[in-house]
Amino acid sequence: MSVSTSNATAAAPENDDESSSTGQYTVYPPPTTIDKILKSDDQENPLVYKQISTLCPVIDTFLNGGISTGKLTEIAGESASGKTQLAMQLGLAVQLPEDKGGLKSGVIYICTEDKFPSSRLMGLAGKLCERIGEGTARELSDKVYVTHISNAEGLADCVLRGQLRCALRRGIARLVVIDSIAAVFRCSDTTGGDWKTRMGLLNQIGNELKRLAFEFRCAVVCTNQMSFHLDSGKNEPALGRSWSSLLNCRLLLSRTNRVYEIKQCGSTPNKMLKSEIIVRTMEIILSSDLDKGICEFIVDEDGVKGLDPSTAKPKS
């Protein structure tokens, strides 16, 4: 409260958002506190961040609501561990209304490896529309903005030279996916093959991605490959410690030696068909706000689904 020099006193205003004036002095309302800002439900509040659902209640509970906006999240894992499946699922979820776990926005999907799996995306979108009982696969796919980038220089042009910032400023997306971040930095034709130069460029890109996530209240998700480390003698997420230090959250996906058995109705009412799906794990390796833990899941035609561990069995 700021009061001009005077010996007089006066009652404070009834409304904190108003000031009262007299001929002798002016009484101003107390400043807005950080606690008050964080508790606000104002959609335009720059300090309010939300989660994007994974479309699976089990995994959402494991991640305390889903993937956080305002942060840089990495999904690492070997080939066929489910990284792209989860990334595409998030790209569909972000388009849903908030009461269904989304942010009513689109996704910018930067594809750096193989051809974007558009047919799989359409399949996931169709299944999602069936579950929620509204929309069409075409409507959902129209808000997945895919761009292909094959090298680090192209990624730098997109992230560091304003292209991504411009797209986010237009409000077309609240999720950015880079699938994968490692591919463009491990290829031989990147930045003359100089590892130190490449890592410097990677750090610039990582820092800018974090700034964009914070500024535009969006989630940035990067998938990452695995590489063998001589120091540890095992496979670990690629790109080293400097990249790891930039992350707010790292999730590690892995395949197990166990299977999940699914029973489906066959051609006759009394005939049941059995199929087995490989069980995968999602592990929280590092996080600024989540405890370390492991969640089991499968990937089927509906997408990524969390499991009760007791339902899986060793693979024969």
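Q: Helices (H or I, at least four residues) and strands (E, at least two) are DSSP runs, numbered from the N terminus. Between which elements does the loop with Leu55 lie?
A: The model described here is predicted. In it, Leu55 has a positive phi of about 70°, although Leu55 is not a glycine. The loop that holds Leu55 lies between β3 (51-52) and α2 (57-62).

Q: How many helices and strands does the protein have?
A: The protein has 316 residues, of which 45% count as buried. Among the contacts with a separation of 6 or more, 64% are between residues 24 or more positions apart. The count of elements is 10 helices and 16 strands.

Q: Is Asn64 buried or exposed?
A: Asn64 is found in the loop between α2 and β4 (67-68). Its phi is positive, about 60°, although Asn64 is not a glycine. The cut-off for exposed is over 50% relative accessible area. With a relative accessible area of 57%, Asn64 is therefore exposed.

Q: Why does α3 count as largely enclosed by the rest of the structure?
A: Helix α3 covers residues 83-93. Its buried residues include Lys83, Gln85, Leu86 and Ala87. Also buried in α3 are Met88, Gln89, Leu90, Gly91, Leu92 and Ala93. The helix is largely enclosed because the number of its 11 residues that are buried is 10.

Q: What is the orientation of α3 to α4?
A: The axes of α3 and α4 (residues 118-132) come within 10 Å and cross at roughly 50°. An angle of that size makes the orientation of α3 to α4 oblique.

Q: How does the contact of α3 with α4 divide by class?
A: The crossing of the helices α3 and α4 is right-handed. On the α3 side the contact is made by Gln85, Met88 and Leu92, and on the α4 side by Arg120, Leu121, Leu124, Ala125 and Leu128. By class, the residues of this contact are 6 nonpolar, 1 polar and 1 charged.

Q: Which residues does Leu103 touch, not counting those up to four places away in sequence?
A: Leu103 has its place in the loop between α3 and β6. At 7% relative accessibility, under the 20% cut-off, Leu103 counts as buried. Not counting residues up to four places away in sequence, Leu103 touches Lys50, Ile52, Thr69, Ala93, Val94, Leu96, Glu98 and Arg174.

Q: What distance separates the C-alpha atoms of Leu103 and Cys218?
A: Leu103 and Cys218 are 115 residues apart along the chain. The separation of their C-alpha atoms in space is 9.5 Å.

Q: Is Ile110 buried or exposed?
A: Ile110 is found in strand β6, which covers residues 106-111. Not counting residues up to four places away in sequence, Ile110 touches Thr147, Ile149, Leu155, Cys158, Val177, Ile178 and Asp179. The C-alpha atoms of Ile110 and Leu155 are separated by 8.7 Å, although the two are 45 residues apart along the chain. Ile110 has 0% relative accessibility and so counts as buried.

Q: What is the orientation of α6 to α9?
A: Helix α6 (residues 152-160) and helix α9 (residues 195-215) have their axes 10 Å apart and pack at an angle of about 30°. That angle makes the orientation of α6 to α9 roughly parallel.

Q: How do the residues of the contact of α6 with α9 divide?
A: In passing α9, α6 makes a left-handed crossing. Ala152, Leu155, Ala156, Val159 and Leu160 of α6 make the contact with Leu201, Gln204, Ile205, Glu208 and Leu209 of α9. The residues of this contact divide into 8 nonpolar, 1 polar and 1 charged.

Q: How far does α9 reach from its first C-alpha to its last?
A: The buried residues of α9 are Arg198, Met199, Leu201, Leu202, Ile205, Gly206, Glu208, Leu209, Leu212 and Ala213. Just after this helix, Arg217 takes a positive phi of about 50°. The helix has 21 residues, and 30 Å is expected at 1.5 Å a residue. Close to that, the reach of α9 from its first C-alpha to its last is 30 Å.

Q: Which residue does a cis peptide bond join to Asp179?
A: The omega of this bond is about 5°. The partner has its place in the loop between β8 (173-179) and α8 (183-186). The residue joined to Asp179 is Ser180.

Notes
Residues are numbered from 1 along each chain as its sequence is written. This is a predicted model: local features need pLDDT of at least 70, side-chain atom pairs count only at pLDDT 80 or more; totals for chains, interfaces and linings use all residues. Side-chain values use heavy atoms; hydrogens and water are left out. Axes are lines fitted to C-alpha atoms, for helices over the stretch in contact, and angles run from 0 to 180 degrees between N-to-C directions. Angles under 35 degrees count as roughly parallel, over 145 as roughly antiparallel, 65 to 115 as roughly perpendicular and the rest as oblique. A crossing is left-handed if the near helix is turned anticlockwise from the far one by less than a right angle, and right-handed if clockwise. Contact means heavy atoms within 4.5 Å. Ala, Val, Leu, Ile, Met, Phe, Trp, Tyr, Cys and Pro count as nonpolar, Asp, Glu, Lys and Arg as charged, and the others, Gly among them, as polar. Buried means under 20% relative accessible area, exposed over 50%, partly exposed in between (1.4 Å probe, protein chains only). The expected span of a helix is 1.5 Å times one less than its number of residues.
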